[in-house]
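Work through these short exercises on aromatic rings. Try each task before reading its solution.

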Amino acid sequence: MLNFHLTTVQQISILVLQIGVILFAARFCGDIAKKIKAPSVLGELLAGVIIGPYLLGGIGLPFHGMEHGLFGFLQTVSITGSNGAVAEIANVSFPVYHSSLYAIATVGSILLLFMSGLETDLRMFIRYSLAGTLVGIGGVIFSFLFGAGIGKFMLGYELMHPCSLFLGILSTATSVGITARILSEKKKIDTPEGVTIMAAAVIDDVLGIICLAIVIGLVGVAPGASTDWGKIGLISVKSIGIWLGATVIGLLAAGYIAKFLKSFRSVTTYSCLAFGLALLLAGVFEQQGLAMIVGAYVMGLSLSKTDISFGLQRSLHPLYSFLVPVFFVVMGMLVDIRVFADPEVLKIGLIYSALAVFAKIIGCALPSLFMNFNTLGALRIGVGMVPRGEVALIIAGIGMTTMYDGKPVLDAKMFGVAIIMTLVTTIVAPPLLSLVLGIKGKGVRKESKDMSVVHTPYAFDSQIVADFVLRQLLDTFVSEGYMLSRLDKENGVVQIRKNSLSFAMTVSGTEIVFESNPDEVPFIQAIMFETIVALHMDLEKLKTIADPAELRQDYFSGQNDNLPENRRGRQQFNRYLNEKAVIMDLKSNDKPGIIEELVDACNRTGAVIDRDACLSEVLSRETVASTGMQNGIALPHAKTDTVSRMTVAIGIHRTGCDFDSLDGEPARIFVMCLSPKDGNAPHIECLAAIGACLYNQDTVKKILEAKNAAEVCALFRQ
């Protein structure tokens, strides 16, 4: 039992401080990485290097237990690596205090792969399983040969020497966690390339464990003695059998598992239970000699076809935001940058790293070229398999503690070489993968048409009507017990599931398109019909309840400038005043022309994304109910995604223009307010404040007499 010379409370307090520092470092460096268009995972890895025991974390602090730094060394403890079968032979040495962090980080890696499994399109995974198998095998073969070749041609060892074999095994490792994080951030995890990478990474992990078991078996044999190939073969069959068996059972039992979890009703409750199942399966895989992350991915993949998968992703996202960055920071802390001080180690390490990158790209890209992927798709797959990460570090630790002929298989220098290779492949992979994923174009030569998928489109006359129908449609799905994914703002995709029924809905402008199996089309047609009927009924009721003209009258004439709410709204409105968006002499003499001039004024503030689409939406809003008030005031406005932020424009017409005002008089002062639909801008507050301000006749008179834009803005601010 270890003697830390610290009380339990002191050890826990240090762990709390470590986690706090890690969270701040992860968020800070991750956000910086995003700002320079790099993946956040790269920032988190570098944060680990910076605050780790070999840099800032090793600086002594004047507190008990931190004399060697917050992340420093006092002694070492033993932990189990992510490859359970070989960890029984040799444990991995890890710095003091870090064992607790490593445990937390391991839970983070399990959650990461569980969520990656939930995001995977199961049908596409099965479709590309053959491609994933070939890609995984190709990556293992090329990487092993390149890695073992370093031992033979640069270090002078025989090809079957344990050091050469370990260098080969190190090169075959793949850190699927890093790739999964980037694919998830880029929303590419369910693409043909993303699914192939995930399938290949899982297969690669299984093959890597088998190869490592074989190498350990060879190393354990005394020089000149025979190898027990039967035992090694048994280990190989066992590893593949457990993986395939768990996957098949999970897919067959997924519906029953989901039904059981849903019986708890609360999304939070069944999400916690689902993650508990992922932890259990991960632990079983570890006990049986397979990596925990493979078990977690199998559980996520099994539940991905159920209707609770979206609820799980939403509910577990806060936990994901906490644990996953901790995992990557702790992984970065494992990197000992002192190895760069040895020129020989640096030279061999860089060559080894270059060959490791080249081997994965070539070994994984070549097979994919024969599986309907084009050059771009093959390159994406190859780059996605490059990072070695924590898997290589654990294998390197095993190599340091595995003895052959009385000496460690990997001495300190070779361990340094392994560290350099791990660091380089881990750092270069995220930006490279982001780069190739960002290249426009399909990754497959020919789109594989699924004859079981049909498209059912519904087009509407305007954006307002489309949005109106969409909101009612989503409410109808929820009331019918369907689970919805969060609306993907980038692609406008909503995924809808209930039990075995599953289809997608794409929203593009004024069109809503359903993608489903033919059997689901009657249901889609029925729910769309009922939605439209319900909207018509609601509108008829609304007409009997309130007249827009009467409400408009109440809205303007009922303003009271002394209300606190109006003062708060005016303060909000003043924030968005911009002299660039003030027009002292409007030229148009009709409503469309006036609105176009005001939209152009808003465009000058830089807030308008699409000028023409913005103009169309404001004009559409005006057809619903005129924004012409009284006393010569008009307040054209709209909530639209054609603006990036809230913006305001003010226009003055010297002679007045007909704007369908309440009192029938021409409008002379126009204030346009535009806000994003899903933003937090105080749109209604500002409209109320403008109405209250312009209700005062003295204010209106002063604005009309103003000589320039600055004076107009000053009057509003007063």
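The exercises below concern ring pairs and charges over rings in this predicted model.

**Exercise 1.** Find how many aromatic pairs the whole structure holds.

Solution. A search of the whole structure gives eight aromatic pairs.

**Exercise 2.** Classify the pair of Phe-114 and Phe-275, then place both residues in the chain.

Solution. Start with the distance: the ring centres are 6.3 Å apart. Pairing requires centres within 6.5 Å, so the rings pair. Next, the angle: the planes stand at 40°, so the pair is tilted. Now the location. Phe-114 belongs to helix 4 (residues 98–119), and Phe-275 to helix 11 (residues 267–287). They are 161 residues apart, and the pair links distant parts of the chain. Last, exposure: both Phe-114 and Phe-275 are buried.

**Exercise 3.** Do the same for Phe-659 and Phe-670: what is the geometry of the pair, and where do the residues lie?

Solution. The centres lie 5.2 Å apart. The planes are at 65°, so this pair is edge-to-face. Phe-659 sits in the loop between strand 13 (647–657) and strand 14 (667–675). Phe-670 is in strand 14, and the two are 11 residues apart. For burial, the cut-off is under 20% relative accessible area. Phe-659 has 0% relative accessibility, so it counts as buried. Phe-670 also has 0%, so Phe-670 is buried.

**Exercise 4.** Name the charged residue that lies over the face of Phe-659.

Solution. That residue is Lys-591, at 4.9 Å from the ring centre.

**Exercise 5.** Which residues do ring pairs link into a cluster?

Solution. The cluster contains Phe-142, Phe-146 and Phe-358.

How values were computed:
Residues numbered from 1 in each chain as written. Predicted model: local features only at pLDDT ≥ 70, side-chain atom pairs only at ≥ 80, totals over all residues. Heavy atoms only, no water. Phe/Tyr/Trp six-rings, centres within 6.5 Å; stacked < 30°, edge-to-face > 60°. Helix = DSSP H or I, 4+ residues; strand = E, 2+ residues; numbered from the N terminus. Buried < 20%, exposed > 50% of the residue type's maximum accessible area, 1.4 Å probe, protein only. Lys NZ or Arg CZ within 6 Å of the ring centre and 35° of its normal.
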